[in-house]
Amino acid sequence: MTNFEQQDVLMNKINQYSRRNNLVIDGIPSSVSNQALESKVVDIMSKIDIKFSQSDIESCHRLGKSSKTILRFVNRKSCSMIIRKKKELSNVNHDSLQQLVFSNQTQ
């Protein structure tokens with residue numbers, strides 16, 4: 001393996017390690033403004049019994065024009081906690097969750 005290939009592999013490992021604090025959420029309506037996105041994510045998580053605050057989020061923004069939102073956490077533990085809860089959420093009906101979270105949202 002050449003020096004360039006070794007550097008490329010090392011850089012890839014570093015990039016993957018830094019993404020451990022990231023989480024992608026899909027389904028937040030575009031009617032939620034970018035300014036309200038962080039607080040809406042905290043609100044959504046609290047409604048499904050995941051407790052954290054806006055101070056736990058380093059960055060929160062939409063991925064292009066899609067309905068996907070990326071969160072970057074200050075601490076990996078917050079991200080890991082949500083991923084563990086994901087298994088429990090897989091049994092939740094998507095429509096009932098949407099109604100619970102966005103029932104007071106004007107479209």
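Trainee: Which order do the three strands take in the open sheet, and what pairing do they have?

Mentor: The order is 1-3-2, and the pairing is antiparallel. Keep in mind that we're looking at a predicted model.

Trainee: OK, and which strands stand at the edges?

Mentor: Strand 1 and strand 2 do. Each has a single partner strand, so one side of each is left without a neighbour in the sheet.

Trainee: How much are neighbouring strands turned against each other?

Mentor: By 20° on average, if you ignore direction.

Trainee: What packs on the sheet?

Mentor: Helix 2 does, and it touches strand 1, strand 2 and strand 3. The direction of helix 2 makes about 105° with that of strand 2.

Trainee: Back to the pairing for a sec. How many bridges join strand 2 to strand 3?

Mentor: Five, with the two strands running antiparallel. For one pair you can find on screen, look at S59, whose bridge partner in strand 3 is R72.

Trainee: And how many join strand 1 to strand 3?

Mentor: Five bridges there too, again between antiparallel strands. Try finding I25, which stands opposite T69 in strand 3.

Trainee: Which residues of strand 1 are on its covered face, and which on the uncovered one?

Mentor: L23 and I25 make up the covered face. On the uncovered face you'll see N22, V24 and D26.

Trainee: Let's zoom out. How many helices and strands are there in the protein?

Mentor: Four helices and three strands. Starting at the N terminus, the elements go α-β-α-β-β-α-α.

Trainee: What share of the residues is buried?

Mentor: Buried residues account for 25% of the 107 in the protein. As for the outside, the protein exposes about 7700 Å², and 51% of that comes from carbon and sulfur atoms.

Trainee: What about contacts between residues at least 6 apart in sequence: what percentage join residues at least 24 apart?

Mentor: That's 59% of them.

Trainee: Now the inside. How many residues are in the largest nonpolar core?

Mentor: There are 18. V41, M45, F52, L71 and F73 have the most contacts inside that core.

Trainee: Which elements each supply at least two residues of this core?

Mentor: Strand 1 (22-26), helix 2 (37-47), strand 2 (57-62), strand 3 (68-73) and helix 3 (76-89). Helix 2 gives the largest share of the core, with five residues.

Trainee: You mentioned M45. What does M45 touch?

Mentor: Not counting residues up to four places away in sequence, M45 touches I25, I50, F52 and I82. You've met I25 already, on the covered face of strand 1.

Trainee: New topic: how many salt bridges are in the whole structure?

Mentor: A search finds two. One is between the side chains of K40 and D43, at 3.8 Å from N to O.

Trainee: How far apart are K40 and D43 along helix 2?

Mentor: Three residues, so they're separated by about one helical turn.

Trainee: Are K40 and D43 buried or partly exposed?

Mentor: K40 counts as buried, at 11% relative accessibility. D43 is partly exposed, with a relative accessible area of 27%.

Trainee: And which side chains meet in the other salt bridge?

Mentor: Those of R72 and E58, at 3.6 Å from N to O. That pair links distant parts of the chain, because R72 is in strand 3 and E58 in strand 2, 14 residues apart. R72 is partly exposed, with a relative accessible area of 25%.

Trainee: Can we do a loop residue? Where is N21 found?

Mentor: In the loop between helix 1 (3-18) and strand 1.

Trainee: Is N21 buried or exposed?

Mentor: Buried, because its relative accessibility is 16% and the cut-off for buried is under 20%. Leaving out residues up to four places away in sequence, N21 touches L71, R72, F73, V74, R76 and C79.

Trainee: Last one: where does S78 lie, and what is S78 in contact with?

Mentor: S78 lies in helix 3 and is buried, with a relative accessible area of 10%. Setting aside neighbours within four places in sequence, S78 is in contact with D56 and F73.

How values were computed
Residues are numbered from 1 along each chain as its sequence is written. This is a predicted model: local features need pLDDT of at least 70, side-chain atom pairs count only at pLDDT 80 or more; totals for chains, interfaces and linings use all residues. Side-chain values use heavy atoms; hydrogens and water are left out. A nonpolar core is a set of buried Ala, Val, Leu, Ile, Met, Phe, Trp, Tyr and Cys residues joined through side-chain atoms within 4.5 Å. Buried means under 20% relative accessible area, exposed over 50%, partly exposed in between (1.4 Å probe, protein chains only). Contact means heavy atoms within 4.5 Å. Two strands pair if DSSP finds at least two bridges between them. Axes are lines fitted to C-alpha atoms, for helices over the stretch in contact, and angles run from 0 to 180 degrees between N-to-C directions. Accessible areas come from the Shrake-Rupley method with a 1.4 Å probe; for residues, only the protein chains shown count as cover. A salt bridge is a side-chain nitrogen of Lys or Arg within 4 Å of a carboxyl oxygen of Asp or Glu.
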